[in-house]
Amino acid sequence: MKNEKSNHYHKVLLLLLLSNFFLSIACKQSTKNLRQDIANEVKQSSKDTISIAIQPLTFSDTSTLNWIKQNIENYYHFNVSILPEIAIPKHAFYKPRNRYRADTIIRFLKNYKPNQFQYIVGFTDKDISTTKEKFPDFGIMGLGFVPGPSCVVSTFRLKTTDKKLLKERIAKVVLHEIGHNLGLPHCKNHCFMHAADASIKQVDSEPLDMCDDCKMRLKKRNGILNEILYKMKK
Ligand SMILES: [Zn+2]
Ligand SMILES: [Zn+2]
């Protein structure tokens, strides 16, 4: 009797484990399919425009994601797609400070990016960090290759109870990191490409625009960016 009971228990446990296993495969499959569908749509719709993907990393607030999409569309005139949310890469976790290494995340995104997109911007509310001069692990708001295909932005250091201000900060940091991807270094002018380090005051004092020097630098880079600049001026 005791044996039967335990056999029954094992069967139930096995069934539960199996159903969980299939459920997780199904989820992974649907994220993968959805990601591919979005990428295929981009391939068909945009031959002449730069395409960028927003990759939510353990982040599911669609109104913030749409706000970012809207800002990239308005400022850079890119084709913007929001990819299905994925977990922030575990291998980027930096245990001593309980945060994630931004350099590891942008390397991960570079490989994860579907080919149809030229750029990918990761977005999270987890704290992110990088090595900065004498600091081995320095908390940051965002990081992007100069130039390169990927960047990441975190809301962790942008927090405020003022919702309008929070939105402005998010837009500035996202456009700043994409500016790096487009080849722009930091700038000393009144411009969102100004180095912010960890200073939120600096971010707040910047305009939601880049200066003419930065726009000229973009112009020199290549023809497609010339086109962006042309649209920016309209
Ligand atoms: Zn920067
Ligand atoms: Zn500038």
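Two residues are in contact when their C-beta atoms, placed from the backbone, lie within 7 Å. The model is predicted: local features need pLDDT of at least 70, side-chain atom pairs count only at pLDDT 80 or more, and totals for chains, interfaces and linings use all residues. Residues are numbered from 1 along each chain as its sequence is written, and chains are lettered from A and ligands numbered from 1 in the order in which they are written.

**Exercise 1. The packing of two helices**

Describe how α2 and α4 pack: state which residues meet, the angle and the handedness.

Solution.

Step 1. Locate the elements. Helices (H or I, at least four residues) and strands (E, at least two) are DSSP runs, numbered from the N terminus. The protein has seven helices and nine strands.

Step 2. List the contacts. From α2, the residues Thr64, Trp67, Ile68, Asn71, Ile72, Tyr75 and Tyr76 meet Lys167, Ile170, Ala171, Val174, Leu175 and Ile178 of α4. Sorted by class, this contact has 10 nonpolar, two polar and one charged residues. (Ala, Val, Leu, Ile, Met, Phe, Trp, Tyr, Cys and Pro count as nonpolar, Asp, Glu, Lys and Arg as charged, and the others, Gly among them, as polar.)

Step 3. Give the geometry. Two packed helices are described by the angle between their axes and the distance between the axes. For α2 and α4 the angle is about 55° and the axes are 10 Å apart. Axes are lines fitted to C-alpha atoms, for helices over the stretch in contact, and angles run from 0 to 180 degrees between N-to-C directions.

Step 4. Classify. Angles under 35 degrees count as roughly parallel, over 145 as roughly antiparallel, 65 to 115 as roughly perpendicular and the rest as oblique. α2 and α4 are therefore oblique to each other. Their crossing is right-handed, the term for a near helix turned clockwise from the far one by less than a right angle, with anticlockwise giving left-handed.

**Exercise 2. The nonpolar core**

Identify the elements that supply the largest nonpolar core, and the contacts of valine 121.

Solution.

Step 1. Fix the terms. A residue is buried if 20 or more other C-beta atoms lie within 10 Å of its own, exposed if 12 or fewer, and partly exposed in between. A nonpolar core is a set of buried Ala, Val, Leu, Ile, Met, Phe, Trp, Tyr and Cys residues joined through C-beta atoms within 7 Å. Of the 234 residues in the protein, 31% are buried.

Step 2. Find the core. The largest nonpolar core has 49 residues, and Ile52, Ile72, Ile105, Val121, Val152, Val174 and Ile178 have the most contacts inside it. At least two residues of this core come from each of β1 (51-56), α2 (62-76), α3 (102-112), β5 (119-124), β9 (150-154), α4 (163-181) and α6 (212-221).

Step 3. Inspect valine 121. Leaving out residues up to four places away in sequence, Val121 touches Ile52, Ile54, Gln55, Cys151, Val153, Val174, Glu177 and Ile178.

**Exercise 3. Loops that meet far along the chain**

Compare the burial of threonine 58 and isoleucine 88, and place each against threonine 124.

Solution.

Step 1. Threonine 58 lies in the loop between β1 and α2. It has 14 other C-beta atoms within 10 Å and so is partly exposed. Its C-alpha is 6.3 Å from that of threonine 124, 66 residues apart along the chain.

Step 2. Isoleucine 88 lies in the loop between β2 and β3. With 21 other C-beta atoms within 10 Å, isoleucine 88 is buried. Its C-alpha is 7.8 Å from that of threonine 124, 36 residues apart along the chain.

Step 3. Not counting residues up to four places away in sequence, isoleucine 88 touches Leu57, Thr58, Tyr100, Thr124 and Lys126.

**Exercise 4. Backbone exceptions**

Where do the cis peptide bond and the positive phi values of histidine 77 and asparagine 98 occur?

Solution.

Step 1. Most residues other than glycine have a negative phi, and most peptide bonds are trans.

Step 2. The bond from valine 146 to proline 147 is cis, with omega near -15°. Proline 147 is in the loop between β8 (142-144) and β9.

Step 3. Histidine 77, in the loop between α2 and β2 (79-82), has phi near 60°. Asparagine 98, in the loop between β3 (93-94) and β4 (99-101), has phi near 55°.
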